[in-house]
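Hi,

Here is the structure I promised to pass on. Have it open while you read, and my notes follow right below it.

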Amino acid sequence: METENYHMTPEQFRIEGKKVIDWIADYYENIENYPVLSQVKPGEIIEKLPLSPPQSGESLDQMMEDIDKIIMPGITHWQSPNFYAFFPSNASFPSILGDLVSSGLGVQGMIWATSPAATELETRVLDWLAGMMEMPEKFRSTSTGGGVIQDTASTSALTAVIAARERATNFESNKKGVQQKLVAYISTQTHSSLEKAIKMAGIGTENLRLIDVDDKFAMRPELLEWQIQQDKKAGLKPFFICGALGTTSSNAMDPLGKIGEIAKAENCWFHIDAAMSGTAMICPEFRHLMKGVESADSFTFNPHKWMFTNFDCDVFWIANRNELINTFSILPEYLKNKATESGAVFDYRDWHVQLGRRFRALKLWFVIRHYGVKGLQFHIRKHVQLAAEFANWISASSDFELFVQPPLNLVCFRLKAADELNLKLMNECNNTGKIYFTHTKLNNLIVLRFSIGQTNTEKEHLEMAWKLICQKAHEILN
Ligand SMILES: *Cc1c(COP(=O)(O)O)cnc(C)c1O
């Protein structure tokens, strides 16, 4: 006798799943035919979606038809090789497949016991990665620290600020609420997620100091030192400093060595935000940029930006995992188990804000095994080299100026004209649908940003982009 059942069978899944894989492969083969920046107006997508859900189930074919008809026009194609906006959020087929396996297994790896492989693979892959980037020994699980995958660099920033708060207050804030005298330090160029973390952790934005930067937009350590002394004289307690390995606006590299020395001398937690540029540390020739990492307490970077790993995947390394665990650990009766009690395992729910966690290490494992260290180095070097070539074209042009020498893969430049004309140039280029790039403000000027890090960007794409930019600039200037 059959019971009522609406589920898709494994046999149907086999058939439908292959169609979806084909659809994704077709998408990548044709991705350059779509306008990079979605051209829809607000409300245009929602208007096409029915007000109510279907009472009876529909076929996957119907759903895929609507993906093409309704959803695709509202997609901005982050995986297009002509995408240069904000920062990359690149992807790769091995990563997509790893994520699919993770979906297929559907495990929830909140603690070791809920899927030992989810925890142990994550531990090992992040140790691999620490080795690949030549991170100090203390960040490895075999030493005092270790790595944990978080959703974003923003969450890692919050995690670091909260752990720093507990260190500074001898784990009193956890019990009694936040003390009011703590002060944190970032630069004027630090990512907004740090300000947000300071707000959320109860430190208060009035206790956040924005240190001024030099002509390359890097933090000035002598001003940091001066500010800390002022705050101490005022009876405040400096507790947290964030240095950036690659700021968002201009990819500026803070002097991590000097900042680290100050952090040590002043007993401040030193967090390094390498969200965008950390990936480059896989190549030995770029590691001079992270000189000073030895004194960091925590370090974060996003494989989901530039390491061919689908969003979301942020790596957070901690030098002393006990500080993290003492801050975030909580053990209700319903989660008690032998493995946890034995102390022989990591329960990653004690390493961050959330309890539940996806098996994200799988996609990272697939990426590293597919490319190998050499393959990853090859593609990162290629992006950096393409950025250098693009910068040369700009320098050689009489209509444009290079705003800063690109340290890695982000090129900041300006049309030698008023701000409005720079924005006009950008909008006109983006409206062609052929490329997509964005702007920032530096020294009170509009600056155009070309962030080169999409998986499939090649020289021919950049040549096309530059030709388009020059042509539009010519029209605007004449
Ligand atoms: C992108 C970026 C962030 C924010 O990253 P999320 O993972 O989206 O939170 C923070 N800092 C820097 C330097 C970034 O480039």
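One aromatic cluster is made up of Tyr84, Phe390, Trp393, Phe400, Phe413, Phe437, Phe450 and Trp466. Before going on: this is a predicted model, so local features need pLDDT of at least 70 and side-chain atom pairs count only at pLDDT 80 or more, while totals for chains, interfaces and linings use all residues. Residues are numbered from 1 along each chain as its sequence is written, and side-chain values use heavy atoms, with hydrogens and water left out.

Back to the rings. The structure holds 27 aromatic pairs (rings of Phe, Tyr and Trp, the last by its six-membered ring, with centres within 6.5 Å; planes under 30 degrees apart are stacked, over 60 edge-to-face, the rest tilted). Take Phe413 and Phe450: their ring centres are 6.1 Å apart and their planes sit at 70°, so this pair is edge-to-face. The two come from distant parts of the chain, 37 residues apart, with Phe413 in strand β9 (residues 410–415) and Phe450 in strand β11 (residues 445–451). Helices here are DSSP runs of H or I with at least four residues, strands are runs of E with at least two, and both are numbered from the N terminus. Phe413 is buried at a relative accessible area of 0%, and Phe450 is buried with 0% too. (Buried means under 20% relative accessible area, exposed over 50%, partly exposed in between, using a 1.4 Å probe and protein chains only.)

Now the ligand. Which residues come nearest to the ligand? Of the 14 residues around it, the answer is Ala153, Ser154, Asp273, Asn302 and Lys305 (a residue is near if one of its heavy atoms lies within 4 Å). The shell divides into four nonpolar, eight polar and two charged residues. In that count, Ala, Val, Leu, Ile, Met, Phe, Trp, Tyr, Cys and Pro are nonpolar, Asp, Glu, Lys and Arg are charged, and the others, Gly among them, are polar. Helices α6 (153–168) and α11 (303–306) each supply at least two residues of the shell.

As for polar contacts (N or O pairs within 3.5 Å; within protein, one atom must be able to donate a hydrogen and the other to accept it, and residues adjacent in sequence count only if both atoms are side-chain atoms), here are three on the ligand side:

- An N or O atom in the side chain of Lys305 is 2.8 Å from an oxygen atom of the ligand.
- For the side chain of Thr248, the distance from an N or O atom to a ligand oxygen is 3.4 Å.
- For the side chain of His304, the distance from an N or O atom to a ligand oxygen is 3.5 Å.

On its own the ligand has 390 Å² of accessible area, and the protein covers 92% of that (Shrake-Rupley method, 1.4 Å probe; for residues, only the protein chains shown count as cover).

Two serines next. Ser187 lies in strand β2 (residues 182–187) and is buried, at 1% relative accessible area. Its side chain reaches the backbone nitrogen of Gln189 at 2.9 Å. Leaving aside neighbours within four places in sequence, Ser187 is in contact (heavy atoms within 4.5 Å) with Leu210, Ile211, Val213 and Met219. Ser187 and Ile211 are 24 residues apart in sequence, yet 4.3 Å apart in space, C-alpha to C-alpha.

Ser295 sits in the loop between β5 (269–273) and β6 (298–301), and at 14% relative accessibility Ser295 counts as buried. A polar atom of its side chain lies 2.9 Å from the backbone oxygen of Gly292. Not counting residues up to four places away in sequence, Ser295 touches Lys138, Gly260, Glu261, Lys264 and Phe270.

Some backbone details to check on screen. The peptide bond joining Phe311 and Asp312 is cis, with omega about 0°; Asp312 is in the loop between α11 and β7 (314–318). Phe308, found in the loop between α11 and β7, is not a glycine but has a positive phi of about 60°. Is Phe308 buried or exposed? Buried, with a relative accessible area of 1%. Asn170 has a positive phi as well, near 55°, and is placed in the loop between α6 and α7 (173–176). At 62% relative accessibility, Asn170 counts as exposed.

Last one: His379, in helix α14 (residues 361–396), is partly exposed at 23%. Leaving out residues up to four places away in sequence, His379 touches Phe308 and Tyr371.

Cheers
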